[in-house]
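Load the model in a viewer and keep the sequence panel open. The stops below each give a selection to make and what to look for there.

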Amino acid sequence: MNASVVVAPILVPLVAALFGALGPRRPGYQRTVGLLGAFGLFVAAMGLLASVFVEGVIAVQIGDWPAPFGITLAADRLSAAMVAATGLVAFTVVLYSTAEIPDDVVTAGFYPFVHVLLLGVCGAFVAGDLFNLYVWFEVMLLASFVLLALGSGRAALTSSITYVALNLLASAFFLIGVGFLYGQVGTLNFADLSLKLGDPAALDAARPAALLLLIAFGIKAGVFPVFFWLPAAYPNASFAVSALFAGLLTKVGVYALLRVFTLVFPLEALGLAPGLLAVAAATMASGVLAAASQAHVRRILSFHIVSQIGYMVLALALVTTLGLASAVFYIVHHIVTKTNLFLVGGLIARAGGSEQLDQIGGLSQRRLGLTMLFAIPALSLAGVPPFSGFFAKFFLIRSALEADAIVAVTFAVVVGLLTIYSMAKIWIEAFWKPAPAETHLDEPLPRAALVACAMLAVVTITLGVGAEALWSFALATAEQLADPQEYLNAVLGDPT
Amino acid sequence: MSLLILRTASRYLFPLLLLFSVFLLWRGHHEPGGGFVGGLVAATAFVLIALAEGAPSARERLRLAPERLAVCGVAVATLSGAVGWFLGEPFLTGIWWAASPGESPVVGTPLLFDLGVYLSVIGVVLAFLLTLIEETK
Amino acid sequence: MNVLLALAIGTTFGIAVLWLLRGSLWSLLLGLALLGHASHLLIFVGGGLAVAAPPLVAEGALAPAAGAADPLPQALVLTAIVIAFAILAFALVLAVCAGDAANTDDLDAYGGESQ
C-alpha cells in the first residue's frame with residue numbers, strides 16, 4: 001500500500017497523458033481528461049502528504065530491485081510537500097486553462113503535454129537517485145519546450161531558443177557531474193552517496209562533481225548570473241503555461257539544490273556556503289532591480305521569480321536547520337503565490353486589453369472581484385501580514401539573524417522593500433490610474449479562471465493564518481534534511 | 001532510373017527487416033538485442049520505403065499515425081508495469097509465466113515492456129524522420 | 001587508451017564550445033549536439049573503461065561471471081543518448097520553425113522581446 005502512495009503522483013499524470021493522447025481529439029474530451037487528471041494528481045499528492053506525515057519517509061524499490069542497485073523512489077517530508085504544492089498548482093492551472101486555451105491548441109495535444117510536464121515534475125520530487133533526477137528533468141524539459149511553442153506567436157518561438165539552449169547546457173553540466181561522481185564514488189543513489197561521501201577524502205575528490213551539479217541546478221533554478229532564459233521565455237507563453245512554469249519549473253531546480261546539497265554534499269563540509277550566499281544576494285538584488293525597470297505585467301513577475309529564488313537559495317546557504325525550515329516555508333508560499341499572480345495577470349490582460357502597464361488602468365473601479373484577487377497574492381508577495389509572504393520573509397530574516405548573517409538580513413529587507421515597490425507599480429498603473437479612453441472591455445471574466453484564482457487566494461490566506469502549523473511542518477522537514485538517518489534507513493533498510 | 005534498384009530491393013528488404021527487428025526484440029531477453037534496437041531496425045524498414053516510394057507510402061504501410069504508435073507503446077509499457085502492481089508487488093516488478101510448472105519461464109511482463117519500447121521507438125523515430133523527409137520534398 | 005579518450009573528449013568539448021560561441025542558430029544546435037556527445041563519452045569513460053566480458057548472466061547462473069564489465073555506465077549512457085536524441089530532434093524542429101519566424105540565422109535576433 002505504501003508503495004502505491006509514492007508511485008501514484010507519477011502514474012496519475014502518465015495515465016492522464018495517455019488517455020488524452022489516445023482518445024478523440026475533441027476539445028470537450030481533452031479538457032475533461034485534462035481536468036480529471038489534474039484533480040486525480042491533487043488527490044494523489046494529498047494522499048502522499050498524509051502518508052508521509054503519519055509514517056515518515058517512504059521508499060519504494062521499483063521492480064523490486066534492492067537499493068542501491070535498482071531505481072529507488074523515496075518521499076520524505078520535503079518531497080511530499082513539493083508534490084502536494086504541485087497537485088494544487090496543477091489543478092488550479094488546468095482549471096484556469098479550460099477558459100483560456102483555444103480549441104485548436106487543445107486538439108493539438110495541449111493537455112497531454114501538460115500532464116507529461118507534471119509527470120516530470122512529480123518524478124523529480126520523488127526520485128531517489130541522481131540519474132533518475134536527470135531523466136525526470138529531461139521529461140519536464142521536453143514537455144516545456146512543446147508547451148512553450150504550442151500555438152504561440154513569433155516572439156514565443158524565437159525566445160524559446162534561448163530557453164532551449166540554456167537548459168540543454170544545464171543538462172550537459174548535470175550529465176558531466178553525474179559521470180564524474182559515478183567514476184569517483186561508484187554509486188548514484190542519494191542514500192548510498194550520502195554514506196560514501198561521509199568520508200572526507202571521498203568528499204574532497206568529488207568536489208568537481210559537486211560544482212558541476214551546482215552550476216546545472218543553478219541554471220535550472222535561475223540564479224545569478226544564469227537567469228536570463230527565464231524572463232525571456234515566460235512572458236511569451238500563454239498565461240496558463242507561464243503560471244505552470246512560474247510555479248513549478250524553477251522550484252524543481254531549487255528542490256534539487258536542497259536535496260543534493262544537504263543529503264549528498266553537505267554545503268558546510270564543501271565550504272561552498274559563503275559563495276552560495278553571495279550568489280543568492282546577487283540573485284535577489286538583480287531580479288528585483290530588473291523587475292523595477294519593467295512596465296509589462298508578466299515581465300515584472302518573471303523577474304520577481306528570479307529575486308525570490310534568491311531568497312530560497314539564501315535560506316539554504318545559511319546552513320542551519322532554521323534556514324532550511326525557512327527555505328521550505330518560502331518555497332511552499334512562493335509556489336502558491338506566484339502561480340496565482342501569473343493567473344491574475346492573465347485576467348488583468350483580459351479585462352484591460354493589454355499587459356503593458358501604460359495601456360491599461362482603472363480596473364479597481366470596474367472590476368472589484370479582480371481587484372481583490374490581485375490584492376491578496378500581491379500583498380502576500382510583498383510580505384504584508386497576515387498573508388503567507390510576511391511569515392516567509394519573517395522566518396527567513398529571523399533565521400539569518402540567528403546565523404549572524406547581517407549582510408543577508410540587509411539584502412532581504414532592502415529587496416523586500418523593492419518588491420513592495422513593483423507590486424505597488426502594477427497596482428497604481430493597472431488599478432488606480434484612470435483608464436485610457438479606448439479600452440472599455442466589459443465582457444465578464446470567465447468563471448473557471450476566477451474560481452481557480454480564488455482557490456489559490458484562499459490557500460494563500462490559509463497559509464498566512466495557519467503559519468504556525470506550516471512552520472512546525474517546515475521545521476520537522478528541516479530536521480529530516482539535516483539528519484538524514486531516517487531517509488537512509490528507509491532507502492537502504494534499517495541496519496538495526 | 002537509379003530508384004528502380006532501390007524500389008525493387010526495398011520491396012524485398014522491408015519484410016526481412018521487420019522480421020529481423022522482431023527477432024532482435026525476442027532475443028533481447030537473454031542476449032544482446034531488445035526493444036530499442038528492434039524498434040530502430042523496424043523504423044529503418046519504413047524509412048527505406050519512404051526513401052524509395054515516398055513518405056505517403058510509408059505512412060500507408062504503417063497504418064497508424066507514428067505519433068499515435070509512440071503513445072500506444074508508452075501505454076503498453078505502463079500496463080506491463082501495472083501487472084506486477086496489481087499482483088501486490090512494487091511497480092514494474094517482472095512477472096513470469098512458465099509454459100508448464102518446473103520449466104524455466106518463457107513469457108513475462110518484461111517482454112511486454114520491451115514491446116512497448118519497440119513500438120514507441122518506431123513511432124518517435126518515424127514521426128521525426130517522415131516529417132523531415134516530407135519537409136525536404 | 002585512456003589518454004587517447006581523454007584527448008578525444010577534450011577535443012569534442014572544445015569544438016562544441018567553439019560552435020556554441022559562433023552566434024548563429026545552426027552552429028548553436030551543432031554545438032549543443034556535440035556537447036551532448038562529449039558528455040556521454042565522459043560518462044562512459046568516467047565509469048571505468050576496461051577490456052572485459054559483456055555483463056551477461058549465463059544460463060543457470062545468478063550473477064555475471066567474474067571480470068565482466070560494469071553494466072551501469074552502459075545503461076546510463078544508453079539512456080542519456082536516447083534522451084539527447086529525442087530532445088535534439090525536437091530542438092531541430094523548433095529551430096526550423098523559429099528560423100522561419102525570425103528569418104535570420106543571427107542569434108542576436110532571438111532576444112525574446114515581444115513585438
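How many residues does the contact take from chain A and from chain C? Select both chains to see this contact: 32 residues come from chain A and 36 residues from chain C. Keep in mind throughout that this is a predicted model.

**Stop 1: chain A against chain C**

With the two chains shown, colour the surface by element. About 2900 Å² is buried between chain A and chain C, and carbon and sulfur atoms account for 79% of it. Next, select Arg154(A), Ile161(A) and Tyr182(A): these residues supply 21% of the area that chain A buries against chain C, more than any other three residues.

Now switch chain A to a cartoon. Two helices to pick out are H6 (130–149) and H7 (154–185), each of which supplies at least two residues of the side of chain A that touches chain C. The largest share of that side, 19 residues, comes from H7(A). Coloured by class, the side of chain A that touches chain C shows 22 nonpolar, seven polar and three charged residues.

A search for ionic pairs here returns nothing, as the count of salt bridges between chain A and chain C is zero. Polar contacts across this interface also come to zero residue pairs, with both residues required to be at pLDDT 80 or more.

**Stop 2: a loop in chain C**

Hide chain A and select Ser24(C). This residue lies in the loop between helix H1 (2–20) and helix H2 (25–46) of chain C. Is Ser24(C) buried or exposed? Ser24(C) counts as buried because its relative accessibility is 17%, and the cut-off for buried is under 20%. To see what surrounds this serine, show Asp105(C) and Leu107(C); Ser24(C) touches both, leaving aside residues up to four places away in sequence.

**Stop 3: a strand pair in chain A**

Bring chain A back and select residues 58–62, which form strand E1. Four of the five residues in E1(A) are buried, so the strand is mostly covered. Add residues 71–75, strand E2 of chain A: E1(A) and E2(A) pair in the antiparallel sense over five bridges. For one position in the pairing, label Ile62(A), which stands opposite Ile71(A) in E2(A).

**Stop 4: chain B against chain A**

Show chain B next to chain A. This contact takes 12 residues from chain B and 14 residues from chain A. The area buried between the two chains is about 1100 Å², with carbon and sulfur atoms giving 74%. Which residues of chain B lose the most area to chain A? Select Arg68(B), Trp85(B) and Phe91(B); together they make up 44% of what that side buries.

Salt bridges between chain B and chain A number zero. Two residue pairs are in polar contact across this interface, both residues being at pLDDT 80 or more. By class, the side of chain B that touches chain A has eight nonpolar, two polar and two charged residues.

**Stop 5: chain B alone**

Finish by isolating chain B as a cartoon. Its secondary structure comes to five helices and two strands, and tracing from the N terminus gives the order α-α-α-α-β-β-α. Along the principal axes, the C-alpha atoms of chain B fill a box of roughly 60 × 25 × 20 Å. Of the 137 residues in chain B, 41% are buried. Among contacts in chain B between residues at least 6 apart in sequence, 62% join residues at least 24 apart.

Technical notes:
Residues numbered from 1 in each chain as written. Chains lettered and ligands numbered in written order. Predicted model: local features only at pLDDT ≥ 70, side-chain atom pairs only at ≥ 80, totals over all residues. Heavy atoms only, no water. Buried < 20%, exposed > 50% of the residue type's maximum accessible area, 1.4 Å probe, protein only. Contact = heavy atoms within 4.5 Å. Buried area = accessible area lost by both parts, 1.4 Å probe. Salt bridge = Lys/Arg side-chain N within 4 Å of Asp/Glu carboxyl O. Polar contact = N/O pair within 3.5 Å; in protein donor to acceptor, adjacent residues only side chain to side chain. Nonpolar A, V, L, I, M, F, W, Y, C, P; charged D, E, K, R; others polar. Pairing = 2+ DSSP bridges.
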